[in-house]
Amino acid sequence: MSGAHQLAVGWAVRFRGEPPSPDTLRRHVRARLADLPTLTHRVEEGPGSRTRFVSVPELDPREHVHELLMTDPREQWQSCLREVLTRPLPAGHRPPWDLWLIHGYGDGTGPPEYVLVFRIHHALEDGAGHHYVLRTLFTPRIAPQRSRRVADTPAPAPVESGGRVSFRAVLGIAGDVAGSLRGSGNWAVLRRPPTGNLATAVGTAATRRLLALSRALDTDISVVFLTALTGAMRAVAVAGEERPAPLALLWPLTVRTGGERGAVGNYLTMVRLRLPCAEPLPLRRLASLSRQLEAGRVERRMRTSRALMRRAPLPMSLGTLRLLMRPRHASLTGTYFPAALPQPTLGEARLDGALGLGAPLPGQLCHLTLLRYRSECTLSVVHDTAFARGADLPELWLAALAELEAVVRDARE
């Protein structure tokens, strides 16, 4: 599945039931717009390349909510994404987001179902923001979030809201900035110039498998995800007759507070992880990643980043974040997100499948998202076609997951 690169991020969900009409869906979205400020703003470049968020009070849902009727059956609902990803986001005076209603891809023998694909420009929304949109659209009405003024880049909050600064976390941020200047490694397969054309590959594992592994190994799903990803990337290197070497990966951490869940903009910091791809033993890979993602270390990093972003002068905080997001800093971006959606529905239809849609940062070739929703964990890989092996990563990840399960079984016997 391929499409043009435009830093569009979001999600895709499947509903079981008869699809609504496009006008019904547009009325539903309009009724929730008051609680969704990211959908009523567009992005402008201000003085000094400073991003400004400009309100669009008269939004026409017909310019954003579209229908796509498929004329040929598909084996998997995820394969319907191709036709949407090739299309540009709304531009000009319109907020850069769209919502696609896709149906008609079944073979007619099963119960009716349809897919909704939501995309938005990354400047307006991060992963936690996507979750807020998904929750607000498809669960019973919740109290609207108090959002910051959004005419410009988010303004600094009062100093006391930032929390304490950890010296160790400051050193970690400084080390990551230094890493962005050194470069991310020497993997030839990931140093190719981007073509600008993106493709998507998807793989699914039962949530119970990852939970069982995390319990057996006394860790969490994010570490299990990254351990299997390390094995998958090692397999890519070996297949390409390249010597496996440690590989840098950007791992986003949210710095949103509870009252900022629906606020416009990116509330992220980045941690630079080293995937131990040179390590042939799965349990040693897991041990390395567990140390890097130790809970106290992550919490200190989030708290310190939140404080610095609110206390430091805006040019300094934005400049630091840009350094952390340089493609020289890391060859890949990966994230894990558990979706908590109480009884999501749209009319009489119920939501029973979901995946995240990331985008490689400019200069990168690959972004990976593992989204957990109820009984399934879905890995979605969005990669530039210059990295052709990106299409194989879901299968390689599942194979590495099975290898880790085998190690656990052998240890018990």
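**Phe15, Phe138 and the sheet around them**

Visitor: Are Phe15 and Phe138 buried or exposed?

Guide: This is a predicted model, in which local features need pLDDT of at least 70, side-chain atom pairs count only at pLDDT 80 or more, and totals for chains, interfaces and linings use all residues. Residues are numbered from 1 along each chain as its sequence is written, and side-chain values use heavy atoms, with hydrogens and water left out. Buried means under 20% relative accessible area, exposed over 50% and partly exposed in between, with a 1.4 Å probe and protein chains only. By that measure, Phe15 and Phe138 are both buried.

Visitor: What kind of aromatic pair do Phe15 and Phe138 form?

Guide: Rings of Phe, Tyr and Trp (its six-membered ring) pair if their centres lie within 6.5 Å, and planes under 30 degrees apart count as stacked, over 60 as edge-to-face and the rest as tilted. By this rule there are seven aromatic pairs. For Phe15 and Phe138 the centres are 5.2 Å apart and the planes stand at 70 degrees, which makes the pair edge-to-face.

Visitor: How many residues apart in sequence are the parts that this pair ties together?

Guide: Helices (H or I, at least four residues) and strands (E, at least two) are DSSP runs, numbered from the N terminus. Because Phe15 lies in strand 2 (residues 8-16) and Phe138 in helix 3 (residues 127-138), the pair joins parts separated by 123 residues.

Visitor: Which residue of strand 13 is the bridge partner of Gly10?

Guide: Two strands pair if DSSP finds at least two bridges between them. Strand 2 and strand 13 (residues 349-357) pair in the antiparallel sense over seven bridges. In strand 13, the bridge partner of Gly10 is Leu357.
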